[in-house]
Amino acid sequence: MPDSLEKPSLLDLAQTKAEEWRQKVEAEEEEVIYDSYQKASDDAEKEYSEMRRKASQFDEMKKTMEGSLYSLFIQHVQCKVDYIACLHNGFQNLKDIIDRMEAYEYAGAKIISQAMEEKAKDHQSQVLREKGQEGRA
């Protein structure tokens with residue numbers, strides 16, 4: 001019996017080996033799980049960084065677009081103001097032309113009136129001369 005105490009049995013050796021393999025497999029599983037977790041964590045961190053970068057780009061684009069839209073709005077308003085000023089100038093010019101035409105018309109009417117008065121006076125004086133010559137004759 002002393003021999004059996006010193007030598008482990010085949011069953012004990014198998015159990016010891018099984019325990020070693022179980023611990024080794026568990027360690028490998030933990031390592032695989034940890035590696036998978038680490039890879040997933042790294043991927044998530046990369047994705048988060050990419051999303052932050054895209055969000056930052058979006059914010060920059062939004063600011064640029066808002067600036068561009070504001071600029072376009074200001075240009076639109078300036079065009080409207082210029083258009084109204086142009087219309088005002090056009091109406092003012094038209095009013096000036098009408099005023100000049102009325103002045104010319106008035107001046108023309110006055111000239112015609114004076115000419116007609118002079119003609120009437122000339123005709124009247126001619127009639128009076130003719131009557132005066134008839135009266136003498």
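1. A residue is taken as exposed when its relative accessible area is over 50% and as buried when that area is under 20%. By this cut-off C79 counts as exposed, because its relative accessible area is 52%, and C86, with a relative accessible area of 53%, is likewise exposed.

2. The model under review is predicted, and its chain contains two helices and zero strands. The radius of gyration of the chain is 58 Å, whereas the globule rule gives 14 Å for 137 residues, so the chain is more spread out than a compact globule. Along the principal axes, the box that the C-alpha atoms fill is roughly 200 × 15 × 5 Å.

3. On solvent exposure, buried residues account for 0% of the 137 residues in the chain. The accessible surface of the chain amounts to about 13,200 Å², and 60% of this surface belongs to carbon and sulfur atoms.

4. As for charge, the chain carries 29 negative side chains and 20 positive ones, and a distance of 18 Å separates the centres of these two sets.

5. Returning to the cysteines, the number of disulfides in the model is zero. C79 takes part in no disulfide, the nearest cysteine sulfur being that of C86, at 12 Å. Why does the sulfur of C86 form no bond with the closest cysteine sulfur, in C79? The two sulfur atoms of a disulfide must lie within 2.5 Å, and the sulfur of C86 is 12 Å from that of C79, which is too far for a bond.

Terms used: Residues numbered from 1 in each chain as written. Predicted model: local features only at pLDDT ≥ 70, side-chain atom pairs only at ≥ 80, totals over all residues. Heavy atoms only, no water. Helix = DSSP H or I, 4+ residues; strand = E, 2+ residues; numbered from the N terminus. Rg over C-alpha atoms; globule rule 2.2 N^0.38 Å. Buried < 20%, exposed > 50% of the residue type's maximum accessible area, 1.4 Å probe, protein only. Areas by Shrake-Rupley, 256 points an atom, 1.4 Å probe, with all protein chains shown as cover. Lys, Arg positive; Asp, Glu negative; His and termini not counted. Charge placed at Lys NZ, Arg CZ, Asp CG, Glu CD.
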